[in-house]
Amino acid sequence: MVTHGNGVRAVHLWPMAPCKMPILPAEPDVYPADLFEACASDPAGHANQSAQWWALYTLPRREKDLLRRLRALELAHYGPLVPRRQRSPQGRVRTSYLPLFSGYVFLRGDNDERHRALTTQCVSRCLEVPCAAELVADLSRIHRLIAGGLAPTPEALVQPGMAVRVKSGPLAGLEGEVVERRGQKRLLVAVRFLQQGASVELDDFAVERIDR
């Protein structure tokens, strides 16, 4: 505060340092962490013959809440989250993690565990998966695609394309289909149960055609 000769007091406000918005880490979207490794080593489900896969359709915008509650209940599940970068009006870039499949989280367990999942008050309805082996194969490919550090784009109403396998790099061995979006070739990995999927740009990958 400064007093001038005319008796008027002026208050000088010093500029405050800009407040940096913390970047929140990605929440776990799979439990346990080795869920797909365990399924790969026991494809017939001999370790838990009563375990099934269920598609939990959530209440609006409750996917991440359901993931937290299932994790607290120690129920095996997967609900893929993908990063999305957004710029605020102030010019700050913020990364958030959004559900890849809006409204869906997949549960693995027996009938008792299914009932426990329904007590979370996040589930609108529960759908039994008729072909668990197909779902596990598709979800494990989605999990690997995201774990490769890519930001896949959601794909709705999947149409078939040319089947390929990635030949090299961190995604070597990953199978998918080549599709074209706005003149750009993309590698599509589909979840056939949902008829939805995710795709990434194909330019950075060497692929080979395969027969299915």
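## An exposed arginine to start with

Arg61 is exposed, with a relative accessible area of 76%. You will find Arg61 in the loop between strand 4 (52-58) and helix 2. Its backbone deserves a look too: phi of Arg61 is near 55°, a positive value in a residue other than glycine. As background, most residues other than glycine have a negative phi, and most peptide bonds are trans. Please keep in mind throughout that this is a predicted model.

Follow the chain onward from that loop and you come to helix 2, which covers residues 63-72. Which of its residues are buried? They are Glu63, Asp65, Leu66, Leu67 and Leu70. Just after helix 2 there is another positive phi, this time at Glu74, with a value of about 60°.

## Other backbone features

Gln121 is not a glycine either, yet its phi is positive, at about 60°. Gln121 sits in the loop between helix 3 (111-118) and strand 9 (123-128). With a relative accessibility of 61%, Gln121 counts as exposed.

A cis peptide bond can be seen between Tyr31 and Pro32, where omega is about -10°. Pro32 belongs to the loop between strand 3 and helix 1 (35-41).

## Two hairpins in a row

Now move along to strands 12, 13 and 14. Strand 12 (residues 175-181) and strand 13 (residues 184-191) run antiparallel and are joined by 5 bridges. One of the pairings is between Arg181 and Gln184, the latter in strand 13. These two strands form a hairpin with 2 residues between them, and Arg182 in the turn has a positive phi of about 55°.

Strand 13 also pairs with strand 14 (residues 196-201): the two run antiparallel, and 6 bridges join them. Here Leu188 has Ser199 in strand 14 as its bridge partner. The hairpin of strand 13 and strand 14 has 4 residues between the strands, and Gln195 takes a positive phi near 55° in this hairpin.

## Salt bridges around Asp138

Side chains of opposite charge can pair when their charged atoms come close. How many salt bridges does a search of the whole structure find? The search finds 11. A good place to look is the network of salt bridges that links Glu134, Asp138, Arg141 and Arg192.

Within this network, Arg141 forms a salt bridge with Asp138, and the closest N and O atoms are 2.6 Å apart. Arg141 and Asp138 are separated by about one helical turn, because they are 3 residues apart in helix 4 (residues 132-147). Arg141 is buried, with a relative accessible area of 18%, and Asp138 counts as buried at 1% relative accessibility.

Asp138 also meets the side chain of Arg192 in a salt bridge (2.8 Å, N to O). Asp138 lies in helix 4 and Arg192 in the loop between strand 13 and strand 14, so this pair ties together parts that are 54 residues apart in sequence. Arg192 counts as partly exposed, at 40% relative accessibility.

## A salt bridge between strands 11 and 15

Glu208 and Arg165 form another salt bridge, with 3.4 Å between the closest N and O atoms. The pair links distant parts of the chain, 43 residues apart: Glu208 is in strand 15 (residues 207-209) and Arg165 in strand 11 (residues 162-166). Both count as partly exposed, Glu208 at 33% relative accessibility and Arg165 at 27%.

## Two charged residues to compare

Is Asp29 buried or exposed? Asp29 is buried, yet has no salt bridge. The nearest side chain of opposite charge, that of Arg71, is 8.0 Å away. Asp29 lies in the loop between strand 2 (9-10) and strand 3 (30-31). Leaving aside residues up to four places away in sequence, Asp29 touches Leu67, His77, Tyr78, Gly79, Pro80 and Leu81. Leu67 appeared earlier among the buried residues of helix 2.

Arg212, by contrast, counts as exposed at 61% relative accessibility. Its place is in the segment after strand 15. Again leaving aside residues up to four places away in sequence, Arg212 touches Ala163, Glu175, Gly176 and Glu177. Arg212 and Ala163 are 49 residues apart along the chain, and their C-alpha atoms are separated by 7.2 Å.

Definitions and conventions
Residues are numbered from 1 along each chain as its sequence is written. This is a predicted model: local features need pLDDT of at least 70, side-chain atom pairs count only at pLDDT 80 or more; totals for chains, interfaces and linings use all residues. Side-chain values use heavy atoms; hydrogens and water are left out. Buried means under 20% relative accessible area, exposed over 50%, partly exposed in between (1.4 Å probe, protein chains only). Two strands pair if DSSP finds at least two bridges between them. A salt bridge is a side-chain nitrogen of Lys or Arg within 4 Å of a carboxyl oxygen of Asp or Glu. Lys and Arg count as positive and Asp and Glu as negative; His and the chain ends are not counted. Contact means heavy atoms within 4.5 Å.
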